[in-house]
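Colleague: I should be grateful for a close look at one part of this model, namely the packing of its helices and the residues that take part in it. Please set out the contacts in a connected account.

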Amino acid sequence: MGARFDFRSNSKFDIALLSEVEGVNPFSLKVSQRKQLWIKVADNLQKSVLKMAVNHPSCRERVKLLLDQFKDDETLSSRASGVDEGELTELKQLLVKVAQLEIMEPKSTTHLYSKASRLAAAKGLLTK
């Protein structure tokens, strides 16, 4: 296996990663079912204009690191003397969105394909 991709070289890589995560939303599924979505994030980044040489574990680990750092920074900021931090940067805006996705209740794919869900979807199609 080749060398690991180094996200630290430029924030545009973090922005691209977080934008993909926001679009694909691997947090929408339970942890045990997320691998395919992380693979999709990595594939999309590999095919992007940036041609990022990433794999799904490196993407997942980088997002976790960014979110952990963001949460620590937010905790420190909330303890500050109420100073307005001004306009959010693009990176920080994406971190806010991805952090919100992370705390949402994941869906179960078994529920999506359950008999009750299929019947409800079929009724919806028949009544239209």
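**Helix packing around V41**

Modeller: I begin with V41, which, apart from its neighbours within four places in sequence, is in contact with L17, E20, V21, V24 and C59. The model in which these contacts are found is a predicted one.

V41 also has a place in the largest nonpolar core, which holds 26 residues; V21, F27, V41, L45, C59 and V63 are the members that touch the most others. At least two residues of this core are supplied by each of α1 (11-24), α2 (35-47), α3 (56-79) and α4 (90-103). The largest share, seven residues, comes from α1.

For the setting of this core, the protein chain contains six helices and zero strands, and its elements follow one another from the N terminus as α-α-α-α-α-α. Of the 128 residues in the protein chain, 29% are buried. Among contacts in the protein chain between residues at least 6 apart in sequence, 64% join residues at least 24 apart.

The packing of α1 may be taken one partner at a time. Two packed helices are described by the angle between their axes and the distance between the axes.

The partner that carries V41 is α2. The axes of α1 and α2 cross at roughly 135° and come within 10 Å. Because of that angle, α1 is oblique to α2. The crossing of these two helices is right-handed. On the side of α1, the contact is made by A16, L17, E20, V21 and V24, while α2 brings L37, W38, K40, V41, N44 and L45. By class, the residues of the contact of α1 with α2 comprise eight nonpolar, one polar and two charged. Among the α1 residues of this contact, L17, E20, V21 and V24 have already appeared as contacts of V41.

The other partner to be described is α4. Here the axes lie 9 Å apart, and α1 and α4 pack at an angle of about 30°. The crossing of α1 and α4 is left-handed. From α1 the contact draws on D14, I15, L18, S19, V21 and E22, and from α4 on E90, L91, L94, L95, K97, V98 and L101. Eight nonpolar, one polar and four charged residues make up the contact of α1 with α4. V21 is thus listed in the contact of α1 with α4 and also in the contact of α1 with α2.

The loop between α1 and α2 deserves attention as well, since N25 has its place there. N25 counts as buried because its relative accessible area is 16%, under the 20% cut-off. Leaving aside neighbours within four places in sequence, N25 is in contact with E20, L37 and L101. Of these, E20 and L37 belong to the contact of α1 with α2, and L101 to the contact of α1 with α4.

The backbone at N25 is also of interest. Most residues other than glycine have a negative phi. The phi of N25, however, is near 55°, a positive value in a residue other than glycine. K51, in the loop between α2 and α3, likewise has a positive phi, near 50°. The surroundings of the two residues are to be distinguished: K51 is exposed, with a relative accessible area of 58%, whereas N25 is buried.

Notes. Residues are numbered from 1 along each chain as its sequence is written. This is a predicted model: local features need pLDDT of at least 70, side-chain atom pairs count only at pLDDT 80 or more; totals for chains, interfaces and linings use all residues. Side-chain values use heavy atoms; hydrogens and water are left out. A nonpolar core is a set of buried Ala, Val, Leu, Ile, Met, Phe, Trp, Tyr and Cys residues joined through side-chain atoms within 4.5 Å. Buried means under 20% relative accessible area, exposed over 50%, partly exposed in between (1.4 Å probe, protein chains only). Helices (H or I, at least four residues) and strands (E, at least two) are DSSP runs, numbered from the N terminus. Contact means heavy atoms within 4.5 Å. Axes are lines fitted to C-alpha atoms, for helices over the stretch in contact, and angles run from 0 to 180 degrees between N-to-C directions. A crossing is left-handed if the near helix is turned anticlockwise from the far one by less than a right angle, and right-handed if clockwise. Ala, Val, Leu, Ile, Met, Phe, Trp, Tyr, Cys and Pro count as nonpolar, Asp, Glu, Lys and Arg as charged, and the others, Gly among them, as polar. Angles under 35 degrees count as roughly parallel, over 145 as roughly antiparallel, 65 to 115 as roughly perpendicular and the rest as oblique.
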